[in-house]
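Q: I'd like a close look at one part of this protein, the aromatic residues around the loop, and how that part sits in the chain as a whole. Could you walk me through it?

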Amino acid sequence: MSYQLIKLIVYIVSIVLAMYGLSCFHYENFILKGKIRQFYLLYIMLSVVLGYMFASFILEFMTIHL
């Protein structure tokens, strides 16, 4: 496998793990009535940011020799 494909897989897995990790919080108390779309946009953005940071950390400290 090429390094680019491995990076893509690591990024996707990290984003999915971030979504799974963020799902443990109860957001119902903080969502304003009628603002569900904005909440889901924020949720996706937070998942992508956390997943990207985690994947960058993993790829930085793990050397992959092909």
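To start with the surface: what does the accessible surface of the protein chain come to, and what percentage of it belongs to carbon and sulfur atoms?

A: Happy to walk you through it, and please keep in mind that this is a predicted model. The accessible surface of the protein chain comes to about 5700 Å², and carbon and sulfur atoms hold 73% of that area.

Before zooming in, here is the overall layout. The protein chain has two helices and zero strands. Its radius of gyration is 15 Å, whereas the globule rule gives 11 Å for 66 residues, so the chain is more spread out than a compact globule. The C-alpha trace spans about 50 × 15 × 15 Å along its principal axes. As for burial, 17% of the 66 residues count as buried. Contacts tell you something else about the layout: among those with a separation of 6 or more, 84% join residues that are 24 or more positions apart.

Now to the part you asked about. The structure holds seven aromatic pairs. One of them joins Tyr27 and Tyr43 in an edge-to-face arrangement, with 6.3 Å from centre to centre and 75° between the planes. Tyr27 lies in the loop between helix H1 (3-22) and helix H2 (36-61), while Tyr43 lies in helix H2, so this pair ties together parts that are 16 residues apart in sequence. If you colour the model by accessibility, look for Tyr43 among the buried residues, because its relative accessible area is 15%, and the cut-off for buried is under 20%. Both tyrosines also belong to one aromatic cluster, which is formed by Phe25, Tyr27, Phe39, Tyr40 and Tyr43.

Tyr20 makes a useful contrast with Tyr43. Tyr20 has its place in helix H1, and it is exposed, with a relative accessible area of 66%. The C-alpha atoms of Tyr20 and Ser47 are 8.8 Å apart, although 27 residues separate the two along the chain.

From Tyr43 you can also measure out towards the end of the chain. Met62 is found in the segment after H2, and the C-alpha atoms of Met62 and Tyr43 are separated by 28 Å, with their positions 19 residues apart along the chain. Met62 counts as exposed, at 52% relative accessibility.

Helix H1 gives another such distance. Ile6 is found in helix H1, and its C-alpha atom is 40 Å from that of Leu32, a residue 26 positions away along the chain. Ile6 is buried, with a relative accessible area of 16%.

Finally, back to the surface where we began. Met1, Leu5, Leu8, Ile9, Ile12, Val13, Val16, Leu17, Phe54, Phe57 and Phe61 form a nonpolar patch there, and together they have about 1100 Å² of accessible area. H1 and H2 each supply at least two residues of this patch, and the largest share, seven residues, comes from H1. Met1, also a member of the patch, is found in the segment before H1 and is exposed, with a relative accessible area of 68%.

To pull the close-up together: the Tyr27 and Tyr43 pair is edge-to-face, it links the loop to helix H2, and both residues sit in the aromatic cluster with Phe25, Phe39 and Tyr40.

How values were computed:
Residues numbered from 1 in each chain as written. Predicted model: local features only at pLDDT ≥ 70, side-chain atom pairs only at ≥ 80, totals over all residues. Heavy atoms only, no water. Helix = DSSP H or I, 4+ residues; strand = E, 2+ residues; numbered from the N terminus. Rg over C-alpha atoms; globule rule 2.2 N^0.38 Å. Buried < 20%, exposed > 50% of the residue type's maximum accessible area, 1.4 Å probe, protein only. Contact = heavy atoms within 4.5 Å. Areas by Shrake-Rupley, 256 points an atom, 1.4 Å probe, with all protein chains shown as cover. Phe/Tyr/Trp six-rings, centres within 6.5 Å; stacked < 30°, edge-to-face > 60°. Patch = residues over 30% accessible without salt bridge, like charges linked within 9 Å, V, L, I, M, F, W, Y side chains within 5 Å. Salt bridge = Lys/Arg side-chain N within 4 Å of Asp/Glu carboxyl O.
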